[in-house]
Structures are given as C-alpha cells and as structure tokens.
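Trainee: I should like to go through the terms used for this fold and ask what justifies each of them.
Mentor: Please do; we shall set each value against its definition.

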Amino acid sequence: MKTAIVTDTNSGISIREAQEMGIYLIPMPFFIGGKTYLEGKDCTPKEFFQKMSAGLEVSTSQPAPEEITSLWEGLLENHDAVLHFPMTSGLSGSCQTAKALSKEYGGRVVVVDDHRISVTLAQSIYNAQTLLRQGKTAEEVQAILEGEKDASSIYIAVNTLEYLKKSGRVTAAGAAMAAVLQIKPVLQIQGGKLDAYKKVRGMLHAKKALISALSHDLTTRFANMKMAIFSGYSGGDPSLGELWQREVQKAFPKYSVGLISLPLSICCHVGEGALGVACAKEW
C-alpha cells in the first residue's frame, strides 16, 4: 500500500526537510499589518520579527480548503491513501476542517489528531514513516498514534505577554503587571491544549523551570518510553537557539537534543525571545 504523508509548517518542518523526507508540506498563512504571508515561502524569521518589533499587527489563519483538497487529489492519483497531520484540534480549527473535507474521499484520506504541534507533530510524522515501513496501513498508523496522544509534552517560557494579551489568553492588566514585575510565565501543552504551568521572576528562573518540568516528565510519566527531546526558540537570531540547545543538552546528557526555530504561526502568539523544551515518544 502506497501512502503519502501531508502536514503543514506548524510542524516546524521546512520545505527542504520535507523534500528530503519525501512528505508534502502546506505553508501556513499568517497576517502582518493586514497583508497575507505564507510560512517558508515569502517571509523569513528575520523579516517577521523586524515587522513585529515595528509594531505591525500579526495574526494567524488556516490554509484555504481548496489548497488542501487539490493536494490530496493530486496525491491520490499515484497513492492508495493520504495520511494528513494537522496541528492539534485543541489549538486550531485546522484539524476539524481537514476531517470534514476528508469525508469526501471514501476513507482514502486519513486525518491524524494525536494532540501534537511543532516538534512533537514532526516526531509523529517520523514515527508514521517508521510504522509505514513496517507495513502498517494508514488506518493502523492513525490508531497507533492517536492511542499515544498523551506521550508528549511541551513547556514554553515567553518573554512577553503582549501577544497572548491580544489573543485574549491574558488580560491587559495581567500583562501590564507581569511586565512591571518581570514575571515570565511558563506555559505547557498537554493533551493538545495550552495552559499555564508556572510564573517565575526573570528568564533565568524560567529556563530552570523548563528543564525541571521536562526532567520530571521523563522520570515519571515517560520513564518506560523511548523519548526524543527538543529545544526551541523564537527570534531572528539563531545564536539564541544554539545557546539554549547547549543548556538543554547539558541538562540531559543521555539524549541527543534537537533544535527548532518555532514556526512563525506560533510566534504570532508567543512573540520574540520565547524558549521551549519538548519531548515525544520515538518509534
């Protein structure tokens, strides 16, 4: 059975990486100052953060339904099935849209919702490729991955609450108070939903909280699983991410820690200077 894998740039997978992996990538749209951009095509991270720091309004959107179905139909001409990996249904309507569209394809398009986003979504795709090589069908891969939907964890420390305030996740008063007190919220994504984890003073304590939280998960919830670990950052300066990756690697010497520049569709909400850690089950 020949199965194609489709995802979007919320996975953190670049166009080049998708080509190397043999998967198909949909660029996520976002708006800056009322103009539409496509991630990975017409706006680099450096340009994005320059526009953001200039005060232009940023927001996110979904790919057009016809873009998704056109890709599926082209792939189904040469494949038996399509495995489609949108970001978690807990944070976007993209998953529900894909599921609704897939009903028109007689079971040949299988949408996976295993509560992942960014690097954990990318890890799901690596796992799917492993399972397909083992001879699993698209439906079997979906069942396995959705059965392991709780086998991942993400923690993010944001440098500013400005953009979360604009999206309605915190109040204006709360954001102003946090700025005055230098409070850095540490957020978590568990079960596909964003929630508060801890509030600390300053980014130094935030980084310690990130590492402590991930360490606790690895030694408790995931103690008997093979896990992949990632570090992530938002910003136009790659050195920020490289320094953070080294810190995370030092904290977890038994793992090979990956690094990701957070997808721009996520940066629209967390702003510049965010740091994160994540883990996900590895097949």
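Trainee: In this predicted model, what is the order of the open sheet of 3 strands, and how do they pair?
Mentor: The order is β4-β3-β5, and the pairing is antiparallel.

Trainee: Which are the edge strands, and what makes them so?
Mentor: They are β4 (35-38) and β5 (58-60), since each pairs on one side only. From one strand to the next, the twist averages 30°.

Trainee: How do you know that β3 and β4 are paired?
Mentor: Pairing requires at least two bridges. Strand β3 (residues 29-32) is joined to β4 by 4 bridges, and the two run antiparallel; therefore they count as paired. In this arrangement I32 stands opposite K35 in β4.

Trainee: What packs on this sheet?
Mentor: Helix α2 (residues 45-53) does, touching β3, β4 and β5. The direction of α2 makes about 40° with that of β3.

Trainee: How many residues lie between β3 and β4 in their hairpin, and what is notable in the turn?
Mentor: There are 2 residues between the strands, and G33 in the turn has a positive phi of about 60°.

Trainee: Which strands form the other open sheet, and in what order?
Mentor: That sheet has 4 strands in the order β2-β1-β6-β7, with parallel pairing.

Trainee: Why do β2 and β7 count as standing at the edges?
Mentor: β2 (24-26) and β7 each have a single partner strand, so one side of each has no neighbour in the sheet. On average, neighbouring strands here are turned by 25° against each other, direction ignored.

Trainee: How do you know that β6 and β7 are paired?
Mentor: Strand β6 (residues 81-85) is joined to β7 by 3 bridges, and the two run parallel. The requirement is at least two bridges, so β6 and β7 qualify as a pair. L83 has V110 in β7 as its bridge partner.

Trainee: Which helices pack on this sheet, and which strands do they touch?
Mentor: α3 touches β1 (3-8), β2, β6 and β7, and its direction makes about 145° with that of β6. α5 touches β1 and β6, and its direction makes about 180° with that of β1.

Trainee: Why are α3 and α4 called oblique to each other?
Mentor: The axes of helix α3 (residues 65-76) and α4 cross at roughly 50° and come within 11 Å. An angle under 35 degrees would count as roughly parallel, and 65 to 115 as roughly perpendicular. The crossing angle falls in neither range, so α3 and α4 are oblique. Their crossing is right-handed.

Trainee: Which residues meet between α3 and α4?
Mentor: P65, I68, T69 and W72 in α3 meet A98, L101 and S102 in α4. By class, this contact has 5 nonpolar, 2 polar and no charged residues.

Trainee: Why are α5 and α6 also described as oblique to each other?
Mentor: The axes of helix α5 (residues 119-133) and helix α6 (residues 138-147) cross at roughly 135° and come within 10 Å. Roughly perpendicular ends at 115 degrees, and roughly antiparallel requires over 145. The angle lies outside both classes, so α5 and α6 are oblique. This crossing is right-handed.

Trainee: Which residues form the contact of α5 with α6?
Mentor: S124, N127, A128, L131 and L132 in α5 meet V141, I144 and L145 in α6. They divide into 6 nonpolar, 2 polar and no charged.

Trainee: Why is S94 called buried?
Mentor: S94 has a relative accessible area of 7%, and buried means under 20%; therefore S94 is buried. S94 is found in helix α4 (residues 94-102). S94 touches M28, Q62, P63 and P86, not counting residues up to four places away in sequence.

Trainee: What makes Y126 partly exposed?
Mentor: The relative accessible area of Y126 is 34%. Buried would need under 20% and exposed over 50%, so Y126 is partly exposed. Y126 lies in helix α5. Y126 and M21 are 105 residues apart in sequence and 8.8 Å apart in space, C-alpha to C-alpha.

Trainee: Why does S118 count as buried, and what is its phi?
Mentor: The relative accessibility of S118 is 5%, and the cut-off is under 20%, so S118 is buried. S118 has a positive phi of about 55° although it is not a glycine. S118 is placed in the loop between β7 and α5.

Terms used
Residues numbered from 1 in each chain as written. Predicted model: local features only at pLDDT ≥ 70, side-chain atom pairs only at ≥ 80, totals over all residues. Heavy atoms only, no water. Buried < 20%, exposed > 50% of the residue type's maximum accessible area, 1.4 Å probe, protein only. Contact = heavy atoms within 4.5 Å. Axes fitted to C-alpha atoms, helices over the stretch in contact; angles between N-to-C directions. Left-handed = near helix turned anticlockwise from the far one by under 90°. Nonpolar A, V, L, I, M, F, W, Y, C, P; charged D, E, K, R; others polar.
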